[in-house]
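Trainee: Could you sit down with me and go through how to read a model like this one?
Mentor: Gladly, let us open it together.

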Amino acid sequence: HSLSTPPPSAVSKGSPVTNNILVVGAIYQDTILHVNGFPDEDEKRRAEKIDVRRGGNAGNTVEVLAQFPRITTWLMSSLGNKKVSSSLISDLEIHGVKTSTCVFRKKAVNPSSYIIHNKQNGSRTIISYNDTDDITIDEFKKKIEYASITKTISFADTSATFNWIHFEGRNVENVAKMIDWIDAKASGEGWRGSLTISVEFEKPDREGLDSLLHKVDILFGIEYGARANDILLEDLKSMARPLVILFLPGGRPLLLQNFCTETRVRSSLAIAFCTWGSSGASLFTLTTKEIVHASALPVHQVIDGVGAGDTFIAGIIYTLCRSFTPLNALKFASELASRKVAQNGFHGLA
Ligand code: FRU
């Protein structure tokens with residue numbers, strides 16, 4: 001399958017600009033075991049294939065973003081000590097992701113995941129370990145202020161700053177402060193209008209996550225459980241006022257009304273996106289109060305579903321930076337995520 005070419009009207013006009021994107025969240029070391037059937041407890045089984053690679057929601061999103069033309073990406077992540085992190089960092093740099101915004105801890109292990117990919121049904125079961133303290137508000141400020149003083153963050157267009165800051169929905173207390181701080185700074189310096197702030201709600205049960213709703217321009221809800229998806233989607237479609245609620249993992253309703261009424265209307269862009277695994281993805285727009293759905297591409301076999309949601313987010317960020325309409329962004333990102341699922345890893349997606 002190839003990505004559909006956006007209609008010319010959806011592509012930004014004028015001179016080409018480079019978009020500066022900062023992604024704040026975790027990188028993991030992923031070990032993926034591809035097995036033919038999910039093991040029973042206490043069973044001993046051989047995997048057919050093993051992949052060891054860099055992962056983490058933020059790490060995956062930024063890796064895909066960095067593949068697009070005229071996009072400069074930074075990752076702000078906390079890792080173990082420099083020694084254990086050096087290969088992760090150099091691999092990111094090789095892939096075009098700037099890492100001067102990363103922070104190193106004293107830990108001798110990086111955040112790690114062991115993932116069982118069941119080839120029979122495409123499920124991916126993740127067991128992760130992370131005892132690395134997340135980025136604090138002070139570190140966030142320091143990295144951004146230091147960077148702008150020393151020009152460690154050298155923007156391609158010198159008058160520009162970040163066009164997009166995407167936060168993984170973790171470390172909520174600090175992230176709330178980061179958003180408030182960058183919002184005030186960007187407003188004071190006159191570039192808030194060209195900055196989009198987004199947050200991802202992969203685990204909506206995380207305490208306090210709702211408190212971020214009114215702070216962001218774009219919200220991503222990520223739904224994985226393939227079986228539950230069809231049911232949730234049907235519910236969503238048949239609801240009398242489907243605009244009020246979007247279902248998130250576990251069927252927990254997210255009150256979009258809060259998102260709508262509280263989201264600053266300055267942001268005419270206020271949008272919520274939600275992915276539904278093989279059922280595609282939906283978007284909800286504040287201005288039109290409409291829910292629109294895009295199907296996923298039919299994927300003959302799920303080769304690697306790890307990071308599909310993260311890829312979807314990258315597709316949306318890229319296309320909205322390039323002034324695609326939200327609907328075209330949704331289509332593009334759904335197709336991109338489908339293509340990712342049909343291949344191993346993230347290479348060659350752009
Ligand atoms: C996939 C992923 C993996 C990582 C895990 C962390 O979305 O980011 O790469 O190990 O989730 O929760």
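We will look at the ligand, then a cavity, then an aromatic pair, then two backbone angles.

Mentor: This is a predicted model, where local features need pLDDT of at least 70 and side-chain atom pairs count only at pLDDT 80 or more, while totals for chains, interfaces and linings use all residues. Residues are numbered from 1 along each chain as its sequence is written, and side-chain values use heavy atoms, with hydrogens and water left out.

Trainee: Which residues come nearest to the ligand?
Mentor: A residue is near a molecule if one of its heavy atoms lies within 4 Å of it. Here 12 residues surround the ligand, and Asp30, Gly56, Asn57, Ser113 and Asp310 come nearest. The shell divides into four nonpolar, six polar and two charged residues. In that count, Ala, Val, Leu, Ile, Met, Phe, Trp, Tyr, Cys and Pro are nonpolar, Asp, Glu, Lys and Arg are charged, and the others, Gly among them, are polar.

Trainee: What lies 2.4 Å from an oxygen atom of the ligand?
Mentor: That is an N or O atom in the side chain of aspartate 30. From the backbone, an N or O atom of glycine 56 lies 2.8 Å from a ligand oxygen, and a polar side-chain atom of asparagine 60 is 3.2 Å from a ligand oxygen. The protein buries 95% of the 320 Å² that the ligand exposes when taken alone, with areas from the Shrake-Rupley method and a 1.4 Å probe.

Trainee: How much space lies in the largest cavity?
Mentor: A cavity is a set of points, on a 1 Å grid over the protein atoms alone, where a 1.4 Å probe fits but cannot get out; lining residues have an atom within 4 Å of a point. The largest cavity holds about 60 Å³. Its lining includes Met76, Asp134, Glu168, Arg170 and Asn171.

Trainee: How is a pair of aromatic rings described?
Mentor: By the distance of the centres and the angle of the planes. Rings of Phe, Tyr and Trp (its six-membered ring) pair if their centres lie within 6.5 Å; planes under 30 degrees apart count as stacked, over 60 as edge-to-face and the rest as tilted. The structure holds seven such pairs. Phenylalanine 68 and tyrosine 318 have ring centres 3.9 Å apart and planes at 5°, so they are stacked.

Trainee: What is the phi of asparagine 171?
Mentor: Asparagine 171 has a positive phi of about 55°, although it is not a glycine. Serine 323, also not a glycine, has a positive phi of about 65°.

Note on methods:
A polar contact is a pair of N or O atoms within 3.5 Å; within protein, one must be able to donate a hydrogen and the other to accept it, and residues adjacent in sequence count only if both atoms are side-chain atoms. On a 1 Å grid over the protein atoms alone, a cavity is a set of points where a 1.4 Å probe fits but cannot get out, and a pocket is an open set with protein on both sides within 12 Å along at least five of seven lines; lining residues have an atom within 4 Å of a point. Grid points are joined across faces, edges and corners, and a volume is the space filled by probe spheres set on the points.
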